[in-house]
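Reader: I have a model open at the bench and would like to go through its sheets and its ligand site with you. Could you show it first?

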Amino acid sequence: MLDRFDPKLDGAFDAVDREALLRRLRRILPAERLIASTEGMRPYESDGLAAYRSLPAAVALPADAGEVAAVLKVCRDLGAPVVARGAGTGLSGGALPFPGSVLLALGKLNRILSIDPDARTARVQPGVRNLAISEAVKPYGLFYAPDPSSQLACSIGGNVAENAGGVHCLKYGLTVHNVLKLHAVTLEGERLTIGSEGPDAPGFDLIALMTGSEGLLAVVTEITVRLLPIPSDVQAMLAAFPDAGCAAQAVADIIAAGITPAGLEMMDALALKAAESYAHAGYPPDADAILICECDGAAGDAEAELADVAEVCRAAGATLIRHAKDQAERARLWAGRKAAFPAMGRLAPDYYCIDGTIPRRRLPEVLAAIAAMSREHGLAVANVFHAGDGNLHPLILYDAQADGQLARAEELGGAILELCVEVGGTITGEHGVGREKINQMCVQFTPAELETFAAIKAAFDPAGLLNPGKAVPTLARCAEFGAMHVHHGETAFPDLPRF
Ligand SMILES: Cc1cc2nc3c(=O)[nH]c(=O)nc-3n(C[C@H](O)[C@H](O)[C@H](O)COP(=O)(O)OP(=O)(O)OC[C@H]3O[C@@H](n4cnc5c(N)ncnc54)[C@H](O)[C@@H]3O)c2cc1C
C-alpha cells in the first residue's frame with residue numbers, strides 16, 4: 001500500500017495533462033489568482049528549506065473554501081497531485097511543489113471571521129498570520145499562546161499542519177492543545193468539521209490526527225482557536241554558564257524541581273555571539289551558554305517563580321543571573337533569541353536547521369555528542385532551542401557553493417536525528433517530516449507502524465494525490481536507505497562518546 005504515497009517526485013506525474021489542468025482551473029479562478037508562468041511561480045518553488053527547489057504545473061490562489069474544493073475536484077478528475085501552502089516558512093520541505101503538481105496557496109484566505117471574548121475563542125481562515133491572531137484579540141485582554149519564532153510570517157493553517165510549537169508551548173501546549181475545531185476539505189470533495197467549541201468532542205480525537213498531518217489528509221479551510229487571558233505579570237531573566245553542559249543540566253533540574261516556566265530557551269556560545277552582534281540584546285559574549293527563562297502569572301507569582309529558577313541555575317554553576325528590570329529589557333532578551341536564525345548569516349552563507357526532540361535529562365550528553373559529530377564532519381553547529389521542551393535546533397553552518405558541503409550538512413543532520421531516536425527522542429519537535437526527514441522516518445518507526453500511517457492516509461485520500469512523497473516513506477525507500485528502525489538500546493554511533 002505504501003508505494004502509492006511515495007512516488008519518485010521527478011517524473012512521477014509527467015502524464016498529467018498540464019494544458020487540460022490549466023483550462024479547467026481557468027474556469028474556477030480569475031487570471032490574477034492562477035499563476036502558470038515560470039517567473040510568476042519562482043517565489044513558490046521552495047519553502048524555508050531553500051536547498052530543495054522545484055516548479056509546480058500551476059499555482060492556484062483560491063479565495064474561499066468553495067474555490068479550494070473546486071480546485072481539488074479538478075486535481076482529482078485529472079489525477080494531478082496537490083501541495084497546500086500557507087506562508088512557505090516551513091523548514092522540512094512540506095510545501096515543496098514538484099513537476100505536475102498544483103500548488104494550492106492559501107494566503108488569500110486571510111480573514112479573522114469572529115472573536116468570542118466570553119468563550120475565549122476565535123474563528124480564523126488558514127492564511128491568517130499567527131501573530132495577527134494575538135494582535136486582534138489583545139483589546140479583549142486575550143492572546144493565542146503557540147508562538148513559533150516565525151510568527152510574524154507563518155500562517156495558522158501551516159501551524160495546524162505542522163503542529164507548530166514555540167517559546168510558550170512549554171507551559172501552554174503546542175498547536176494541537178490550542179485548536180478546538182477545524183473545517184477541512186478532502187481530495188474526494190468531502191467537507192469535514194472536526195472537533196467542537198466545547199472542551200471535548202465526541203468520537204475519536206480527529207483534531208489530534210489532523211494537527212501535524214502535513215497537508216497529507218485534507219486542506220484545512222477554517223480553524224477555531226482557544227484564547228488565553230494575557231497574564232498580569234511577566235518576568236524574564238538571563239542565566240549565563242561557563243559550560244554548555246551546566247546550562248543543559250540546569251534545564252533538567254528546573255523541570256525536576258516542579259517549575260514550569262512560560263518559556264525556557266538555550267543558546268550556545270556560537271549562537272549567542274551571532275545573535276548579540278546582530279540584535280544587541282545584551283548577552284554576555286564570553287559565556288559558553290545562556291538560558292533565557294520567562295515566568296508569568298498573577299502579580300508577584302512570576303517574580304517568585306523566577307527566583308526559584310535563579311536558585312537552581314546558580315546551583316548548576318551559573319556565573320551570571322540577570323533579571324530584566326523592565327518590559328523593554330525583557331523584549332530585548334527575546335529579540336536576540338528571535339534573531340538567532342537570521343543572525344547565522346554572519347557566520348556562514350547557509351545554515352541547515354535540524355529539529356529533533358529528546359528527553360530533557362539527556363540534554364547534556366546529546367549536546368556533547370553533537371559537538372563531537374560537528375568536529376567529525378568538519379562543519380560548525382550552533383545550538384539555539386526550546387530547551388524546556390527538549391526540542392533541539394542544531395543549526396549546521398555550511399556554504400552551498402563549496403564542493404560537497406551541502407551533502408555533508410545533510411549527512412550530519414541525518415546523523416543528529418538518528419541520535420535523537422537512539423536516546424529515546426523523536427526526529428521532529430515542531431518542523432514536521434516533509435521531504436527533509438522522510439528517510440529518518442524509517443529509523444523512528446517499524447514497517448508495521450509505517451503501514452498504519454499509510455492506511456490512515458488512504459482513508460482520507462485513497463488516490464494519494466495530497467502532498468505525495470512527504471512525511472510517510474515507502475518500505476522500498478526504507479530498504480534503499482538501509483536503516484530500518486534502529487531499536488533503542490542498540491547503537492548506530494559506536495564512535496561517539498558514550499554516556
Ligand atoms: C526563522 C524561522 C523560525 C521558525 N521557528 C519555528 C518555531 O519556533 N516553531 C515552529 O513550530 N516552527 C518554526 N518554524 C517553521 C515554520 O514557521 C512552521 O512550521 C510553520 O508552522 C509553517 O507555517 P507556514 O504557513 O509557513 O506553512 P507552509 O510552510 O506553507 O506549509 C507547511 C506544511 O503545512 C501544509 N499546509 C499549509 N497550510 C495548510 C492548510 N491550510 N491545510 C493543510 N495543509 C496545509 C503544507 O502542505 C506543508 O506541508 C520556523 C521557520 C523559520 C523560517
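Reader: What makes Ile 396 the bridge partner of Val 381, and how do you know that their strands pair?

Author: Happy to explain! Ile 396 in strand 20 is the bridge partner of Val 381. Two strands pair if DSSP finds at least two bridges between them. Strand 18 (residues 381-385) and strand 20 (residues 394-398) have three bridges, in the antiparallel sense, so they meet that definition. This is a predicted model, where local features need pLDDT of at least 70 and side-chain atom pairs pLDDT 80 or more, while totals for chains, interfaces and linings use all residues. Residues are numbered from 1 along each chain as its sequence is written, and side-chain values use heavy atoms, without hydrogens and water.

Reader: Why are strand 15 and strand 16 called edge strands?

Author: Because each of them pairs on one side only. They end the order 15-12-14-13-18-20-16 of an open, antiparallel sheet of seven strands. Strands here are DSSP runs of E with at least two residues, and helices are runs of H or I with at least four, numbered from the N terminus.

Reader: How do you know that helix 14 packs on this sheet?

Author: Contact means heavy atoms within 4.5 Å, and helix 14 (residues 405-422) touches strand 16, strand 18 and strand 20. Its direction makes about 165 degrees with that of strand 20. Such angles run from 0 to 180 degrees between N-to-C directions, with axes fitted to C-alpha atoms, for helices over the stretch in contact.

Reader: And what makes the Glu 430 approach to the ligand a polar contact?

Author: A polar contact is a pair of N or O atoms within 3.5 Å; within protein, one must be able to donate a hydrogen and the other to accept it, and residues adjacent in sequence count only through two side-chain atoms. A polar side-chain atom of Glu 430 lies 2.9 Å from a nitrogen atom of the ligand, so the pair qualifies. A polar backbone atom of Gly 94 is 3.2 Å from a ligand oxygen, and one of Gly 158 is 3.4 Å from a ligand oxygen.

Reader: How much of the ligand does the protein bury?

Author: The protein buries 94% of the 980 Å² that the ligand exposes when taken alone. Accessible areas come from the Shrake-Rupley method with a 1.4 Å probe; for residues, only the protein chains shown count as cover. Helix 5 gives the largest share of the shell around the ligand, five residues.
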